[in-house]
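User: Got a minute to go through this one with me? I'd like to talk about strands first, then aromatics and the surface.

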Amino acid sequence: MPDNLKSPAPLPLRLVFGAYFTVTGFCQLGGLGLYCLNLGALSTFLRQCHDNLLCQLGEFGVWCPGGVGTGIGLIEFLGGLGLFFGAFITMAAALNMLSTGLLLLLAFMTGDFPSGGYPVCSQHGFPCAFADYGFSLLLLGGLATLWLGGAGAHSYDLRRALGPHVLAVIAKIKPGQKLALIQVLKEISEKPFDNEYIHFGQDRITHFARWFIIENDDIEPLLVWGSTYNGDLQDYIHYVAALSPGLDKIWGKCEGYSKAKGFFWFVRENFYRAPYTYIAFRDESAETIRAKIAVRKSLEKFLDLACVGDYMTDPSVMPFLKDLSRVAYKSPLLVRAARWITGLLPAIWLYLQDNVFPVLIDQVSQLYVRLIMPPPPYLVLNTAGLNPGQQMTRAQYVQHVEILDRNEQELAAAYGGIRFEQNQVTVVATIDNKLEVLFAWFSGIFVARSYPPGELTGTHTIHSLHWAVLGCLKYAIIMSNYDGSWTNYLGDFRDKMRWGLDALLIGIGGYPPGGMSTVYAWEQWFQSARVPCQLFFSGYPEESVENLLRDRAISKALGKDYDLEAVQQWLQLL
């Protein structure tokens, strides 16, 4: 991650320029239509600002000044908000540079410099009129600084960069190297924390990672690496490379890999963007999750002590807790009021996530599926998702399921005595309807982010779910990390995710007509489209989504306004 993204230096520039462009854009748009209302002097002022914009553009000889003016106003208003909050700062600064620079160029073209200038109409001051030459150059300089330097600290861009991301790297395996690569991945899988290739025991950034091989009649053998991680991609790739002394023995069996050019170059060349991404806890890193697990385990050990257990059941403990509540420090009323006001919007958003968005999404999904999906036939044959049109015999299907079951057991057994709470599923299928990718992209941006942390359509067992699209929108690779057994996972789909999953997979090849309403056919399609995973890694294999929700609540209650130095001081007084 660039160091300038953590620097507070751009903050003053961001706030000043963001406020300026937000106010000017708002006024040039007539207060987003408020000038049409009867608001007295405010409506008059906003109407003058809007008319002045159209007048100046008309003097420039701009074609369709109304449409151009609306575009300029939207760029300045939305771009100003982006600058102020540090959101998509590069795009916001570039669009405002383009708008300001083109207006300055038009002003120069009205006459010989410096006699040319901006037309003066009914209003000629901030925020009604365009900036003059000097101020325009100042704006361009400041915008260029933000464009080059980034948003800096206390910005949405920084939060987004530090948040969780998904990675899909797909590389073609060299001829004759597939079996050797499978052997290497098997060696790592059998000893994930004691092998010569990747030191998983030292990994503190990765949430989940998997390596698997796919091939069919149309696809030559491919190695796929899917990962969920926190932070900047370049930093993460360098981090993984430092933990992988056997990197060349893995990726050296793939075409295009060059030790001289570096692993990050190879990843960029073979990186596939995910049109759909769901992550259960977007505000957590693998490190903070492990810290919350450690807090809960330490608390459990403390409560398991005989003296503590006896005291907790003693009748005198409740009077002590009541006495403690009476002497507990309470913030002044104004401070509490300020906290309530600042927490109002997050509380409203949380209420919408809990009570409004899930119901709305479910209803829209039902309507979409019922309009698009044909009614289920009486008989649905098993279709292998990877090979379009290929029918699996009963014997082939049973053998395929046995391979998948054995693969799950081997992956879990590699972690030794650790109770493995999680599992993975990887599905590869053809894409019949190319609009499916657009719908998945839309769902990943809006729908998947509309649920509370840890929940997806009422299900609390999915850690992450993301796609990769291969071969000019021909194949979809769906990777999911979930809790419990495969049977329970299918049950969650049927009981709680039916409409959402049908809407998401309706354009995937071989998906049974009627979707999950044809339960047996749907389960067979899902099983036939699955592929074995040669290597799977979890950064916290004992943690389920339900446990993590509990651990977050415990850490939040214990860690609120926690001051280590103050605690150490009062412990010395006892």
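User: Strand β2, residues 208-214: how many of its residues are buried?

Analyst: 7 of its 7 residues, so the strand is mostly covered. Keep in mind that this is a predicted model.

User: Which residues sit on each face of β2?

Analyst: F208, R210, F212 and I214 are on one side, with A209, W211 and I213 on the other, and both faces are covered.

User: What does β2 pair with, and which way do the partners run?

Analyst: There are 7 bridges between β2 and β3, and that pairing is antiparallel. Strand β8 (residues 535-538) is also antiparallel to β2, joined by 4 bridges.

User: Which residue in β3 partners F212, and which one in β8 partners A209?

Analyst: F212 has V224 as its bridge partner in β3. For A209, the bridge partner in β8 is F537.

User: Switching to rings. How many aromatic pairs are there?

Analyst: The count comes to 18 aromatic pairs. One of them is F88 with Y156, a tilted pair at 5.8 Å centre to centre, with 50 degrees between the planes.

User: Where do F88 and Y156 sit in the chain?

Analyst: F88 is in the loop between α3 (65-85) and α4 (89-109), while Y156 is in helix α6 (residues 156-162). They are 68 residues apart, so this pair links distant parts of the chain.

User: Why do you call F88 and Y156 partly exposed?

Analyst: Because partly exposed covers the range between 20% and 50% relative accessible area. F88 comes out at 43% and Y156 at 35%.

User: And W225 with W251: why does that pair count as tilted?

Analyst: Their planes are at 55 degrees, with ring centres 6.1 Å apart, so the pair is tilted. W225 lies in strand β3 (residues 222-230) and W251 in helix α9 (residues 247-251), so the pair ties together parts 26 residues apart in sequence.

User: Are those two buried or exposed?

Analyst: Both W225 and W251 are buried. They also belong to one aromatic cluster, whose members include W211, Y229 and F537.

User: OK, now the surface. Which residues make the nonpolar patch?

Analyst: F88, M91, L95, L98, L102, L105, F108, M109 and Y156, for about 890 Å².

User: Which element gives the most to that patch?

Analyst: Helix α4, with 7 residues. F108 is found in that helix, and with a relative accessible area of 30% F108 is partly exposed.

Terms used. Residues numbered from 1 in each chain as written. Predicted model: local features only at pLDDT ≥ 70, side-chain atom pairs only at ≥ 80, totals over all residues. Heavy atoms only, no water. Phe/Tyr/Trp six-rings, centres within 6.5 Å; stacked < 30°, edge-to-face > 60°. Helix = DSSP H or I, 4+ residues; strand = E, 2+ residues; numbered from the N terminus. Buried < 20%, exposed > 50% of the residue type's maximum accessible area, 1.4 Å probe, protein only. Patch = residues over 30% accessible without salt bridge, like charges linked within 9 Å, V, L, I, M, F, W, Y side chains within 5 Å. Areas by Shrake-Rupley, 256 points an atom, 1.4 Å probe, with all protein chains shown as cover. Salt bridge = Lys/Arg side-chain N within 4 Å of Asp/Glu carboxyl O. Pairing = 2+ DSSP bridges.
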